[in-house]
Amino acid sequence: DILNLQVYYPWEFHSSSPCRTVVFPLMTSGVTYWVVKSLQQLDICSSCINSYTLLVSPRLLFTIFSFVLDYSVYQLAPSWEADPWKALVLLAGSYVTLVFYTRTFTNTLEGLLFALLLVLVSSNKSDSSSLKPTSSPLIGIVTTAGFFNRPTFLAFALMPLLYWAGLNVDSQKSIKTIINPLLKLITCACFTAVVFITADTLYFTSVGLDNFYSIKKSSLFDVIAQLNHKMVVTPLNFLSYNLNPHNLAQHGSHPRVTHFTVNGIMLFGILHILAIGAGFKMLKKYIYQLMRVKSYYRGSPRVFVHSEGNPKLLLFYFVPLAFLSLFSHQEPRFLIPLILPLVLFNTSQNRAMKWKPVIIIFNVLGALVFGWLHQGGLIPCLFHLEHLMHSPGSSNHTRHYTLLFAHTYMPPRSLLNIKKRDTNIEVIDMAGSEEETLCQTVGQQAKNFTCNDCHFFVIIPGTVRATITKCGVLLKNETLIFPHLSMEDPPQISFLFSENWRSQLGLYILQLGRD
């Protein structure tokens, strides 16, 4: 919208039933793109708009935002009996912080808002005699913003809000002083919701920023008429879509225990296992204490159970995990906001320090696999193609490019830097198509060459490169991008010890000639 580029609009942003707010993309990536565009218009940077700046500028902003996590951990650690510096080291050493919190995921924003919410509700833990007057309005704003970013934020916010409500009740002596902060929270939450609904309605009913800006210049009556025409409440659309099991099945169904048994370990390693162990120990001791209540009423001395760690932090961790496990579609990134309570819990009583070598090895491997190897060739491939298509030689006369991606993650078309008016570049995403379907499409495209300056590229992982050879098409040139690991088409272990091991961990750019 800002740079006038050809992109693929995901289903969440279709104007018919949008499931994502446009506010956060505009406030994050949108701001960085506007800065890049302004620098080029002012001739400060003549070629600012390229694949590298389109990728790095939003990530740089998110990396700066990620220090909200560091601030939150430093502020929260003393309140939860954890050493601030040890907690910061554990946070900074996690590959989740390094890989996920420096990328433009809505889950990243969800994690940052969750961290801010924990700071707000814990600000009076050490002195609960009086609540700060500004805390309840800010809690309302953050909670509503998190809900519009991802409605699953309510799962993360539930326990912090209950904890805040408990502090509020304990610290006040009259009904009026208890209700007053709650009214402030609800008022600010409603106002924030109105802001999001208004922005989303104006954007999605006008379909794009150009019409959005024209509406902003209109009269107040025109804006009200636009709002009355079709009010867009993206979280409701999100919940309506995701509560349908058939819709979730299209994105992949997983066992309900996937978060608990697989994703938690994949993201947090031994920290997740330690939390599970501590949780079972606490549960066992509380059950034992309940069983001894009967003895207490008979006159026996009351039994006090010493719990290993703060049970509230475990609730902050396991309650959201349990709610997210109710949905059949379970991706690891859904759990990345939980790193904060997990770090605080494992830093208290020096649990994590006993496992320092294991933690270091785990996070080094995690950073290598998920930050470098996993789908690692796709972005360099797009850089290469963007440079090829926009090179000075190709701009002198018209060339037609067809780019076919197969067995890769969906390529972000914005990094190809294709203007909306440019009709000479076609992108085909075959996803994980079967061999027969792939060969049929490749063969058809190869036969459709109608000019001497038509170029056809197939981008495919090395593990399925042989498929193109079977298609019987003429191979003109090939480029290997290393490394690239496709977990959907993993390499065989035996091939990794052969002379061609690089091809198994690479992404091929195959230029096909005329049949």
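The unreviewed UniProt entry places the feature "transmembrane region" at residues 109–126, 138–164, 185–204, 265–283 and 355–373. UniProt positions follow the numbering used here, feature names are shortened, and annotations may be inferred rather than shown by experiment. The structure is a predicted model, in which local features need pLDDT of at least 70 and side-chain atom pairs count only at pLDDT 80 or more, while totals for chains, interfaces and linings use all residues. Residues are numbered from 1 along each chain as its sequence is written, and side-chain values use heavy atoms, with hydrogens and water left out.

Two of the annotated spans were examined for secondary structure, with helices (H or I, at least four residues) and strands (E, at least two) taken as DSSP runs numbered from the N terminus. Residues 138–164 are 89% helix and 0% strand, and the end C-alpha atoms of this span lie 12 Å apart. For residues 265–283 the helix content is 95% and the strand content 0%, with 21 Å between the end C-alpha atoms. The protein chain as a whole contains 25 helices and five strands. Of its 515 residues, 48% are buried, where buried means under 20% relative accessible area, exposed over 50%, and partly exposed in between (1.4 Å probe, protein chains only). Among contacts (heavy atoms within 4.5 Å) with a separation of 6 or more, 78% join residues 24 or more positions apart.

Helix α2 covers residues 29–41. Its 13 residues reach 18 Å from the first C-alpha to the last, close to the 18 Å expected at 1.5 Å a residue; the expected span is 1.5 Å times one less than the number of residues. The buried positions in α2 are S29, G30, T32, V36 and S38. The buried residues of this helix pack against α1 (23–27) and α3 (51–65). D43 follows just after α2, in the loop between α2 and α3. D43 is not a glycine, yet has a positive phi of about 60°. With a relative accessible area of 67%, D43 is exposed.

A second positive phi in a residue other than glycine, near 50°, occurs at A431. A431 sits in the loop between β2 (425–429) and α22 and is partly exposed, at a relative accessible area of 37%. Most residues other than glycine have a negative phi, and most peptide bonds are trans. The peptide bond from F482 to P483 is cis, with omega near 0°. P483 belongs to the loop between β4 (475–481) and α24 (493–496).

Several helical residues are buried. L69, in helix α4 (residues 67–76), has a relative accessible area of 0% and is therefore buried. Not counting residues up to four places away in sequence, L69 touches L91, Y101, G111, L112, A115, I339 and L340. The C-alpha atoms of L69 and P337 are separated by 9.8 Å, although the two residues are 268 positions apart along the chain. S206, in helix α10 (residues 175–206), also counts as buried, at 7% relative accessibility. The C-alpha atom of S206 lies 8.8 Å from that of S15, 191 residues away along the chain. Q445, in helix α22 (residues 435–447), is buried with a relative accessible area of 18%. Leaving aside neighbours within four places in sequence, the contacts of Q445 are T402, E426, I428 and F456.

Internal space was assessed on a 1 Å grid over the protein atoms alone, a cavity being a set of points where a 1.4 Å probe fits but cannot get out, with lining residues having an atom within 4 Å of a point. Grid points are joined across faces, edges and corners, and a volume is the space filled by probe spheres set on the points. By this rule there is one cavity of 30 Å³ or more. The volume of the largest cavity is about 70 Å³, and its lining consists of L90, S94, L267, F268, I270, L271, I359, F362 and N363. Two or more lining residues come from each of α15 (258–268), α16 (270–297) and α19 (356–373). The largest share, three residues, is given by α19. The lining comprises seven nonpolar residues, two polar and no charged; Ala, Val, Leu, Ile, Met, Phe, Trp, Tyr, Cys and Pro count as nonpolar, Asp, Glu, Lys and Arg as charged, and the others, Gly among them, as polar.

Note on methods: On a 1 Å grid over the protein atoms alone, a cavity is a set of points where a 1.4 Å probe fits but cannot get out, and a pocket is an open set with protein on both sides within 12 Å along at least five of seven lines; lining residues have an atom within 4 Å of a point.
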